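Subject: Structure handover and notes

Hello,

Here is the structure I said I would pass on. My notes on it follow below; please read them with the coordinates open.

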Amino acid sequence: MLTLLFVALLLVDISVRLWLSTRQIRHVARHRDRVPPEFADRIGLASHQRAADYTVARVRLGIVERVFDAAVLVGLTLLGGLQAIDMLAGWLTDNDFLHQMLLLVITGLLLGALELPFTLWRQFRLEARFGFNRMTPALFISDAIKGLALTAIIGLPLVAAILWLMGKAGTLWWIWAWGLWVGFSLLTLLLFPMVIAPLFNKFTPLADQDLSKRIGQLVQRCGFAINGLFVMDGSRRSGHGNAYFTGFGKSRRIVFFDTLLARLNGDEIEAVLAHELGHFARRHITRRIAISFAVALGFFALLGWLARQPWFYEQLGVLPRLDGRNDAMALLLFFLVVPVFTFLFTPIASWYSRRDEFQADDYAARQSSAKQLVSALVKLYDDNAATLTPDPVHSAFYDSHPPAAVRIRHLGMAAR
């Protein structure tokens, strides 16, 4: 039964994705030769066409990648790929715990290697074709090495601890594992801005004193505490611009991409930050973290039950080991197939996120200027080659932010 359900949902997943992608490509291409009226006086036709071509290219690559990922998933599960890796791990060691760790490591490295061609194509062909790539091969290799090292230093101990809990904490191990995951996630949020992010990018204090003063007044007006304003050398890797808040508690800081500061003026930057502050003022961040922890608890509880069911392994292409534990295999199977079973919930999460964006825009309109936020958004749409004419169904299913025209109209009403 599980096998049939898995195959059916995987086919639904692929079919829906292909249908939505086809809609997006056709809709964007159909509106390629005319700038929407809301943007006609601010974005040129050449920029609009570049955004359309960039969107279509990304969607087409996404189609190929999803079909490939589905084939890999079937190969690892129903066609016996994980079973073969498990046998290889058993051949490499007789130690049961090391066997399980090897199963996870080998599978992780294999998945990373299979994903690498798409990553390289996206970075050095697609992004370069539209003028966004600034990353050199040397920097790419350096980032990859650092990423692997961080995974080994942070990820492996976490996985090892979960496997230990699965073997030693009884049938309710999943509660302890969930608690460990929550603690790890909160610690990561605390350490990321001060320890992890600087390994990949250079962060320097914002030098523009006038802008710093303006932002300080905005933050104080909104009743928000931060631990500094920083500029990140995002231009080393990409031409895309952005700004974000990171950390929590006393480690919270505001980070600007240097590409963003080069494009927006002070009024526009203030409006963009007011929008981000709106997420905190409306408790969006806290709520999303709480929801993610609650969902994780449900997933851990489900995993705790499935890990004890022989049919869970057998119907996903694996013969459970009788002479050892199957904890690592349970983790792999569960987290490989869960996205297939949860894919159809995507539009709910997307709607929830878009609702939060509207609320943050309303907050920015009150604390700063809706007109300046519109001006900033138009520049960011233009610079980042974001399509102004997404397919409505595709957007409703996937997009975490409202379509450009809808968002601009909403802000226009807020400005009155």
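Which residues do ring pairs link into a cluster? They are Tyr54, Phe130 and Phe132. Before the details, please keep in mind that this is a predicted model.

Aromatic pairs

Searching the whole structure gives twelve aromatic pairs. One of them joins Phe39 and Tyr381 in an edge-to-face arrangement, with 6.5 Å from centre to centre and 85° between the planes. This pair links distant parts of the chain, since Phe39 is in the loop between H1 and H2 while Tyr381 belongs to helix H14 (residues 370-383), 342 residues apart. Phe39 and Tyr381 are both buried.

The pair of Tyr54 and Phe132 is tilted, because the ring centres are 5.1 Å apart and the planes meet at 55°, an angle that is neither under 30 degrees nor over 60. Here too distant parts of the chain are linked: Tyr54 is in helix H2, and Phe132 is in the loop between helix H4 (96-129) and helix H5 (137-168), 78 residues apart. Tyr54 has a relative accessibility of 3% and so counts as buried. Phe132 is buried as well, at a relative accessible area of 2%.

Charges over rings

Lys146 has its charged end over the ring of Phe200, 6.0 Å from the ring centre. Arg355 lies over the face of Tyr352, and the distance to the ring centre is 4.6 Å.

Contacts around Thr389

Thr389 lies in the loop between H14 and helix H15 (392-398). Its relative accessible area is 10%, so Thr389 is buried, the cut-off being under 20%. Beyond its neighbours within four places in sequence, Thr389 is in contact with His27, Val28, His31, Pro36 and His48.

Two of these partners can be followed further. Pro36 is in the loop between H1 and helix H2 (45-76), and its relative accessible area of 9% makes Pro36 buried. Although Pro36 and Thr389 are 353 residues apart along the chain, their C-alpha atoms are separated by 7.7 Å. For comparison, Pro36 and Ala225 are 189 residues apart in sequence, and the C-alpha to C-alpha distance is 40 Å. Neighbours within four places in sequence left aside, Pro36 is in contact with His48, Leu388 and Thr389.

His27 is part of helix H1 (residues 2-30). With 14% relative accessibility, His27 is also counted as buried. Its contacts, again without neighbours within four places in sequence, are Thr389, Pro390, Asp391 and Pro392.

Annotated spans

The unreviewed UniProt entry gives the feature "transmembrane region" at residues 6-22, 67-85, 97-118, 139-166, 172-192, 289-308 and 328-349. I looked at two of these spans in the model. Residues 97-118 are 100% helix and 0% strand, with 33 Å between the end C-alpha atoms. Residues 139-166 are likewise 100% helix and 0% strand, and their end C-alpha atoms lie 39 Å apart.

Cavities and a pocket

The whole structure holds two cavities of 30 Å³ or more. The volume of the largest cavity is about 60 Å³. Its lining consists of Asp86, His99, Gln100, Leu103, Arg321, Arg325, Asn326, Asp327, Ala328 and Met329. The elements giving two or more residues to that lining are H4 and helix H12 (327-342).

The second largest pocket contains about 1400 Å³ of space. It is lined by 43 residues, and those closest to its centre are Leu111, Leu331, Leu332, Phe335 and Leu336. At least two lining residues come from each of H1, H2, H4, H5, helix H6 (173-196), helix H10 (284-306), H12 and helix H13 (346-367). H4 and H12 therefore appear in both lists, as elements that give two or more residues to the lining of the largest cavity and at least two to that of the second largest pocket.

Regards

Key: Residues are numbered from 1 along each chain as its sequence is written. This is a predicted model: local features need pLDDT of at least 70, side-chain atom pairs count only at pLDDT 80 or more; totals for chains, interfaces and linings use all residues. Side-chain values use heavy atoms; hydrogens and water are left out. Helices (H or I, at least four residues) and strands (E, at least two) are DSSP runs, numbered from the N terminus. Buried means under 20% relative accessible area, exposed over 50%, partly exposed in between (1.4 Å probe, protein chains only). Contact means heavy atoms within 4.5 Å. UniProt positions are given in the numbering used here, feature names are shortened, and annotations may be inferred rather than shown by experiment. Rings of Phe, Tyr and Trp (its six-membered ring) pair if their centres lie within 6.5 Å; planes under 30 degrees apart count as stacked, over 60 as edge-to-face and the rest as tilted. A charge sits over a ring if NZ of Lys or CZ of Arg is within 6 Å of the ring centre and within 35 degrees of the ring normal. On a 1 Å grid over the protein atoms alone, a cavity is a set of points where a 1.4 Å probe fits but cannot get out, and a pocket is an open set with protein on both sides within 12 Å along at least five of seven lines; lining residues have an atom within 4 Å of a point. Grid points are joined across faces, edges and corners, and a volume is the space filled by probe spheres set on the points.
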